[in-house]
Amino acid sequence: MATGKTTNKGSKNDKLVMILSLAIAFYFGIMIATYYYKIDNQVLGFVRELFTIPAILLWLVLMVMSVIAVSKESKKFSSLSFYSFLLLCATMVLLILTA
């Protein structure tokens, strides 16, 4: 019975990491789009100043969590943690290319 609980707990963590990874990718995608299309107003500047540093810190935490989860799952390439790792890597590459 204990095995089922740990698997379920890991599954909940994987889902949470995936949802937060999607949110981070969406946030940075919107910020890149506003920069590319030169959309700038006071509200957007306020949101950018308020959420960018916490989003970067959350990205780092999610990256570490997904790497740990992938290594614990013996490198299953069909797991949510692996997909969240790929999404976070793609977000990083996109940020580097637009900088």
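**Ser 21, the α2–α3 contact and two pockets**

Ser 21 has a relative accessibility of 0% and therefore counts as buried, the threshold for that class being under 20% relative accessible area. The model described here is a predicted one. Within it, Ser 21 belongs to helix α1, which covers residues 2–36. When residues up to four places away in sequence are set aside, the residues that Ser 21 touches are Leu 62, Ser 84, Leu 87 and Leu 88.

Leu 62, Ser 84 and Leu 88 recur in the packing of the other two helices considered here. Helix α2 (residues 42–72) and helix α3 (residues 80–98) have axes that lie 9 Å apart and pack at an angle of about 145°, and the crossing in which α2 passes α3 is left-handed. On the side of α2, the contact is formed by Trp 59, Leu 62, Met 63, Ser 66, Val 67, Ala 69 and Val 70, whereas α3 contributes Ser 81, Phe 82, Ser 84, Phe 85, Leu 88, Cys 89, Thr 91 and Met 92. Sorted by class, the residues in this contact of α2 with α3 comprise 11 nonpolar and four polar ones, with no charged residues.

The largest pocket of the model has a volume of about 210 Å³. Its lining is made up of Tyr 27, Phe 28, Met 31, Ile 32, Tyr 35, Arg 48, Thr 52, Leu 95, Thr 98 and Ala 99. Two or more of the lining residues are given by each of the elements α1, α2 and α3, and α1 gives the most, with five residues. In terms of class, seven nonpolar, two polar and one charged residues are found in the lining of the largest pocket.

The second largest pocket holds about 180 Å³ of space. Among the 12 residues that line the second largest pocket, Asn 13, Asp 14, Met 65, Ile 68 and Ala 69 lie nearest its centre; Ala 69 is also one of the residues through which α2 makes its contact with α3. The elements α1, α2 and α3 each supply two or more residues to the lining of the second largest pocket, and the largest share, five residues, comes from α2. By class, the lining of the second largest pocket consists of four nonpolar, five polar and three charged residues.

Methods
Residues numbered from 1 in each chain as written. Predicted model: local features only at pLDDT ≥ 70, side-chain atom pairs only at ≥ 80, totals over all residues. Heavy atoms only, no water. Helix = DSSP H or I, 4+ residues; strand = E, 2+ residues; numbered from the N terminus. Buried < 20%, exposed > 50% of the residue type's maximum accessible area, 1.4 Å probe, protein only. Contact = heavy atoms within 4.5 Å. Axes fitted to C-alpha atoms, helices over the stretch in contact; angles between N-to-C directions. Left-handed = near helix turned anticlockwise from the far one by under 90°. Nonpolar A, V, L, I, M, F, W, Y, C, P; charged D, E, K, R; others polar. 1 Å grid on protein atoms, 1.4 Å probe; cavity = no way out; pocket = protein on both sides within 12 Å on 5 of 7 lines; lining within 4 Å. Points joined across faces, edges and corners; volume = space filled by probe spheres on them.
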